Amino acid sequence: MMSALCRCLLFSRVSKLKESTGLVHVMRFGFNAVQSPQWKTPSNILSATATKSEKLNVSFFSSSSSTKDGPARVKRVSIEGNIAVGKSTFARFLQSACSDWEVVAEPVSKWQNIESETSKGTGAPPQTTVSNLLQMMYEDPQRWSYTFQTYSCMSRLRTQLLPPPARLLGSEGTPVQVYERSIYSDRYIFALNMFHLGCINSTEWTVYQDWHSLLVEQFGHQVELEGIIYLRAPPEKCMERLKHRGRDEEKGVKLEYLDKLHVQHERWLVEKSTEIHFEKLKQIPVLQLDASVEFQSDQEVQEQIITKVKKFFDAL
Ligand SMILES: Nc1ncnc2c1ncn2[C@@H]1O[C@H](COP(=O)(O)OP(=O)(O)OP(=O)(O)O)[C@@H](O)[C@H]1O
Ligand SMILES: Nc1nc(=O)c2ncn([C@H]3C[C@H](O)[C@@H](CO)O3)c2[nH]1
């Protein structure tokens, strides 16, 4: 019964989300010019923008930074946003734009390929089964959401704990590791949403939060974020892109699910009404970018994006 309700909430049809006004200005993402060497030179980056800053709607607040003596400390920033809003695409754009920036991808393929041994002490030679936990979660969210959230969070942490490449450690600029999502969106977007949907029960939610807090206490300083880039677009646009991408596991995803995830992002990163349990995260600077406009070969807009991102990183 609950399982059916849960599936229904994730995958049934919905009313359209009203796009909130006032915060979104049009910004085009053009990615063609990223190979151009001019992107690598800070002076070009800095001189590119001033004239067209009105095309961007950006908010950022500085916290600290000093790179005067010795190699700079590597900063950590996560890209957050709804499913298929364009995070990986944007991350690739950043990666190719500046050698001081290193992207840490979301470990999706790990979730799609979980190897387990299945001999169960029968004396038979061990056999390996490969499970697709992402698919299992989408097919039966009430059964698999808790398992998925434990694994997604753990695998994010493991990936993000890996040391930055030597190239970044030797950088004389502002080296930044750019994470695709974080252990915080795991909890405050997805797991919380699954709890609201009834796909994670209150016992599971309590257990998840308990060990999440412990992980953050124990390892949090090693993956602590200095800033967040929030890629924002109406859920309808994300749905369009999700369909266009055609990832098998996501075939049953309905607009209502993206709608709910959008609301979670807005509460956390715009309205700041999500209850957050980590002091530093409450104060974190957020660079908000409207990701809804289609890619275009607009080098000027690309330069504006990079300038804004660079300024944001420098101020962290
Ligand atoms: N600005 C854009 N304009 C047009 N299409 C885009 C844009 N950004 C991404 N896309 C397309 O949308 C689809 C989803 O993009 P992408 O895989 O980067 O999303 P994502 O946010 O990383 O997804 P996920 O939440 O699953 O990790 C892809 O087909 C990509 O080519
Ligand atoms: N339930 C759930 N919890 C997560 O923490 C989470 N992180 C990502 N995803 C889904 C979105 C895309 O389909 C796909 C790739 O981002 O994986 C998640 N789903």
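This briefing walks through a predicted model of one protein chain and two ligands. The chain has 13 helices and seven strands. Of its 316 residues, 37% are buried. Among contacts with a separation of 6 or more, 84% join residues 24 or more positions apart.

**Confidence**

- The average pLDDT of the chain is 80. A score of at least 70 is reached by 76% of the residues.
- Residues 12–71 have a pLDDT below 50. Beyond near neighbours in sequence, that stretch still has 113 contacts in the model.
- Where pLDDT is low, the predicted coordinates should not be read in detail.
- For the complex, the predictor gives an ipTM of 0.99 and a pTM of 0.82.

**Ligand 1**

- The shell around ligand 1 has 16 residues. The closest are Gly86, Lys87, Ser88, Thr89 and Arg241.
- Two helices each supply at least two residues of this shell: helix 3 (87–97) and helix 10 (235–245).
- By class, the shell around ligand 1 has six nonpolar, five polar and five charged residues.

**Ligand 2**

- The residues around ligand 2 include Ile83, Glu106, Val108, Asp186 and Glu250. Leu134, Met137, Phe148, Gln149 and Ser152 are also among them, as are Phe190 and Met194.
- Helix 5 (133–139), helix 6 (141–161) and helix 8 each give two or more residues to the shell around ligand 2.
- This shell has seven nonpolar, two polar and three charged residues.

**Nonpolar cores**

- The largest nonpolar core has 58 residues. Leu94, Val178, Ile229 and Leu231 have the most contacts inside it.
- Helix 8 (residues 183–197) gives the largest share of this core, ten residues.
- A second, separate core has six residues, including Trp111, Leu134, Met137 and Tyr138.
- Leu134 and Met137 of that second core also belong to the surroundings of ligand 2.
- Leaving aside neighbours within four places in sequence, Leu231 is in contact with Ile79, Gly81, Val85, Gly86, Lys87, Phe90, Leu289 and Ala291. Two of these contacts, Gly86 and Lys87, are among the closest residues to ligand 1.

**Helices 10 and 11**

- Pro235, Lys237, Cys238 and Leu242 are buried in helix 10.
- Seen down the axis of helix 10, its buried residues fall within an arc of 155°, so they line one face of the helix.
- Those buried residues of helix 10 pack against helix 11.
- Helix 11 spans residues 255–271. Its buried residues include Leu255, Tyr257, Leu258, Lys260 and Leu261. His262, His265, Trp268 and Leu269 are buried there as well.
- Each of these two helices is followed by a residue with positive phi. Gly246, just after helix 10, has a phi of about 70°. Lys272, just after helix 11, has a phi of about 60°.

**Positive phi in two loops**

- Most residues other than glycine have a negative phi, and most peptide bonds are trans.
- Ala84 is not a glycine, yet its phi is positive, at about 65°. Ala84 sits in the loop between strand 1 (75–80) and helix 3. Ala84 counts as buried because it has 23 C-beta neighbours inside 10 Å.
- Arg181 is not a glycine either, and its phi is positive, at about 60°. Arg181 is in the loop between strand 5 (176–180) and helix 8. Arg181 counts as buried because it has 21 C-beta neighbours inside 10 Å.

**Two serines**

- Ser152 is placed in helix 6. Ser152 counts as buried because it has 24 C-beta neighbours inside 10 Å.
- Not counting residues up to four places away in sequence, Ser152 touches Trp111 and Asp186. Ser152 and Asp186 are both in the surroundings of ligand 2, and Trp111 belongs to the second core.
- Ser152 and Ile189 are 37 residues apart along the chain, and their C-alpha atoms are separated by 13 Å.
- Ser99 lies in the loop between helix 3 and strand 2 (101–104). Ser99 counts as partly exposed because it has 14 C-beta neighbours inside 10 Å.
- Ser99 and Val176 are 77 residues apart along the chain, with 9.5 Å between their C-alpha atoms.

How values were computed:
Residues are numbered from 1 along each chain as its sequence is written. Chains are lettered from A and ligands numbered from 1 in the order in which they are written. This is a predicted model: local features need pLDDT of at least 70, side-chain atom pairs count only at pLDDT 80 or more; totals for chains, interfaces and linings use all residues. A residue is buried if 20 or more other C-beta atoms lie within 10 Å of its own, exposed if 12 or fewer, and partly exposed in between; C-beta atoms are placed from the backbone. Helices (H or I, at least four residues) and strands (E, at least two) are DSSP runs, numbered from the N terminus. A residue is near a molecule or strand if its C-beta atom, placed from the backbone, lies within 6 Å of it. Ala, Val, Leu, Ile, Met, Phe, Trp, Tyr, Cys and Pro count as nonpolar, Asp, Glu, Lys and Arg as charged, and the others, Gly among them, as polar. A nonpolar core is a set of buried Ala, Val, Leu, Ile, Met, Phe, Trp, Tyr and Cys residues joined through C-beta atoms within 7 Å. Two residues are in contact if their C-beta atoms, placed from the backbone, lie within 7 Å. pLDDT is the predictor's confidence in each residue, from 0 to 100. The arc is that of the directions from the helix axis to the C-beta atoms.
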